[in-house]
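Morning, everyone. Please have the model up on your screens while I talk. I'll go through the sheets, then the core, then a few single residues.

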Amino acid sequence: MSRLIILARHGSVRQVNIQGAITMIGRDLECDVQIDSLGVSRRHATIHWTGDRFVLTDLESFNGTFVNSERIWEHPLKNGDAIAMGECQLRFLYSSKALPSEDALRLVTRVDDLHDLHAGRERSDWAAFFRRSRTTSSRDGAVARYR
């Protein structure tokens, strides 16, 4: 089972299960994963299954797509990868087995190291977890700063 945990800038958290061979991400109403956030293009990126892994592909978005603080154009996803699009943070989770419903909003901070967000954390801490200020270098050497 694969899924995205999505944290919008205003602090809302939601989970989207990835189904089908191709999952379109963007602001457009026809996208499989709709993100109404500043800096997210109408059709921003796709996640597609290649038969042995999931691959995230940027669709020439204006503000770019970042995985683990690095700008990408195409990137094979691993369990726990942090994805940034505009002002929105996503976490890619992949497990070969179905998880119980009580684990629905658990986040992976390191591969195979789960931390329960409900245990001892306030909602504002969720946002802090994702919004750490990051600096990345783009392909041409320019430095981009995002939250």
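Start with the antiparallel sheet. This is a predicted model, and in it six strands form an open sheet in the order E2-E1-E11-E10-E7-E8, with antiparallel pairing. At the edges sit strand E2, residues 13-17, and strand E8, residues 70-72. Each of those two pairs on one side only. From one strand to the next, the twist averages 30 degrees.

Look at E1 and E11 inside that order. They run antiparallel, and 6 bridges join them. Pick out Leu4. Its bridge partner in E11 is Phe92. Keep Leu4 in mind, please; we come back to it with the core.

Now the other sheet. This one is open too, with 5 strands, in the order E4-E3-E5-E6-E9. Here the pairing is mixed. The edge strands are E4, residues 33-34, and E9, residues 74-76, each pairing on one side only.

Where does the parallel pairing come in? E3 and E4 pair in the parallel sense, over 2 bridges. Within that pair, Ile25 has Val33 of E4 as its bridge partner. On to E3 and E5. Those run antiparallel, joined by 4 bridges. There, Ile22 is partnered with His48 in E5. At the other end of the order, strand E6, residues 54-58, pairs with E9. That pairing is antiparallel, over 3 bridges. Thr57 has Glu74 in E9 as its bridge partner.

Stay with E3 for a moment. The strand covers residues 22-26, and 4 of its 5 residues are buried, so E3 is largely enclosed by the rest of the structure.

Next, the core. The largest nonpolar core has 20 residues. Which members touch the most others? They are Leu4, Ile47, Leu56, Ile83, Met85 and Leu90. Several strands each supply at least two residues: E1 (2-7), E5 (45-49), E6, E10 (82-85) and E11 (88-94). E11 gives the most, with 3 residues. So there is Leu4 again, one of those best-connected core members.

Zoom in on Ile47. Leaving out residues up to four places away in sequence, Ile47 touches Leu4, Ile18, Ala21, Ile22, Thr23, Ile25, Phe54, Val55, Leu56 and Leu77. Two of these names, Ile22 and Ile25, you met a minute ago as bridge partners of His48 and Val33.

Now the cysteines. How many disulfides does the structure hold? There are 0. Cys31 is buried, at 5% relative accessible area. Cys88 is buried as well, at 0%.

One loop residue deserves a look. Ser41 lies in the loop between E4 and E5. Buried or exposed? Buried: the cut-off is under 20% relative accessible area, and Ser41 has 16% relative accessibility, so it counts as buried. Its contacts, again not counting residues up to four places away, are Gly26, Arg27, Ser61 and Phe62.

Finally, the whole chain. The protein has 1 helix and 15 strands. Of its 147 residues, 45% count as buried. Take contacts between residues at least 6 apart in sequence: 38% of them join residues at least 24 apart. The exposed area is about 8,400 Å², with 47% of it supplied by carbon and sulfur atoms.

That's my tour. Questions, please.

Notes
Residues are numbered from 1 along each chain as its sequence is written. This is a predicted model: local features need pLDDT of at least 70, side-chain atom pairs count only at pLDDT 80 or more; totals for chains, interfaces and linings use all residues. Side-chain values use heavy atoms; hydrogens and water are left out. Two strands pair if DSSP finds at least two bridges between them. A nonpolar core is a set of buried Ala, Val, Leu, Ile, Met, Phe, Trp, Tyr and Cys residues joined through side-chain atoms within 4.5 Å. Buried means under 20% relative accessible area, exposed over 50%, partly exposed in between (1.4 Å probe, protein chains only). Contact means heavy atoms within 4.5 Å. Axes are lines fitted to C-alpha atoms, for helices over the stretch in contact, and angles run from 0 to 180 degrees between N-to-C directions. A disulfide is a pair of cysteine sulfur atoms within 2.5 Å. Accessible areas come from the Shrake-Rupley method with a 1.4 Å probe; for residues, only the protein chains shown count as cover.
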